[in-house]
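Trainee: I'd like a close look at one part of this protein, the end of the chain where helices pack across each other. Could you walk me through it and fit it into the rest of the fold?

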Amino acid sequence: MGEAGPGVDADPADVTAIGRDPAALEAFYRRHVADVTRFVARRVSDPHTVDDLTTEVFLAAIDTAERYRTGRGSPRAWLLGIARNVVAAEWRRHAGELDKARRAGGRRHLDDDDIARLEEQIDAERAARALHARLAVLPQRLRGVVELVDLDGLTLAEAAAALGVRDGTARVRLHRARKRLKADSPEDRAAPARSAAELTSPSMKGASS
């Protein structure tokens, strides 16, 4: 699947129709494919895998579209929640050392332009992947909300909806995650030492609920 315009939320009716209406699916895809591609590229550094997982996200969305409810968050938040599950499943497959050659046999062919476009997107998200790797120090329940808010740009309410938790729960987890990351920051740990010195005289690929 190729890249399209910026992610703009679709009407809920469009979301529920994407499994049965090709026109609704095309519109939904064009609205959100760039967001999903960025989401995956923040976590995965291989262009073929980014393409595969982006496709899997939309296939999963089609399968569950009829169950979409506005109470689960905006279409974008709902879709990124699906993307998070798809990427996590890929990490589990990778960790289990499944036969990647078997999966590669069914891949869509990527021409040079496809690969160049995906590599450009992957390169643009290099800093985000570094931040994502740093989040690995957090427990799963804390990591999920800080990923979606600080890495993927969702609002707290959207992140809560994507994770299936209450806003208050997400708020507490985000606070705890940020506090723990600050405590684990090399700069923060080094700060007392620097102050004392001044007083006396420096493929997967990605990794992932």
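Mentor: Sure. Of the 209 residues in the protein, 42% are buried. Keep in mind that this is a predicted model. The secondary structure comes to 11 helices and 0 strands, so we'll be talking helices throughout.

Let's go to helix α10, residues 167–184, and start with its neighbor α9, residues 156–163. The axes of these two come within 9 Å and cross at roughly 105°. An angle from 65 to 115 degrees counts as roughly perpendicular, and α9 and α10 are therefore roughly perpendicular to each other. On the α9 side, the contact is made by Leu156, Ala157 and Ala160, and α10 brings Asp167, Ala170, Arg171 and Leu174. Sorted by type, the residues of this contact are 5 nonpolar, no polar and 2 charged.

Now look at α10 again, this time with α8. Here the axes come within 8 Å and cross at roughly 90°, which makes α8 roughly perpendicular to α10. From α8, the residues in contact are Arg141, Leu142, Val145, Val146, Val149 and Asp150. Facing them from α10 are Ala170, Arg173, Leu174, Arg176, Ala177, Arg178 and Leu181. This contact divides into 8 nonpolar, no polar and 5 charged residues. Ala170 and Leu174 of α10 are in the contact with α9, and Ala170 and Leu174 also turn up in the contact with α8. As a rule, an α-helix has 3.6 residues a turn, so residues three or four places apart point the same way.

How does this corner tie into the rest? Through the largest nonpolar core, which has 42 residues. Val40, Trp78 and Leu79 have the most contacts inside that core. Helices α8, α9 and α10 are among those that each supply at least two of its residues, and so are α1, α2, α3 and α4. The largest share, 10 residues, comes from α4. In soluble globular proteins, nonpolar side chains tend to be buried together.

Further back in the chain, α3 covers residues 47–64 and reaches 26 Å from its first C-alpha to its last, close to the 26 Å expected. Its buried residues include Val50, Leu53, Val57, Phe58 and Ala61, but also Asp51 and Asp52.

One last stop is Thr70, in the loop between α3 and α4. Thr70 is exposed, with a relative accessible area of 54%. In sequence, Thr70 and Ala161 are 91 residues apart, yet their C-alpha atoms are 9.6 Å apart in space.

Conventions: Residues numbered from 1 in each chain as written. Predicted model: local features only at pLDDT ≥ 70, side-chain atom pairs only at ≥ 80, totals over all residues. Heavy atoms only, no water. Helix = DSSP H or I, 4+ residues; strand = E, 2+ residues; numbered from the N terminus. Expected span 1.5 Å × (residues − 1). Buried < 20%, exposed > 50% of the residue type's maximum accessible area, 1.4 Å probe, protein only. Axes fitted to C-alpha atoms, helices over the stretch in contact; angles between N-to-C directions. Parallel < 35°, antiparallel > 145°, perpendicular 65-115°, else oblique. Contact = heavy atoms within 4.5 Å. Nonpolar A, V, L, I, M, F, W, Y, C, P; charged D, E, K, R; others polar. Core = buried A, V, L, I, M, F, W, Y, C linked by side-chain atoms within 4.5 Å.
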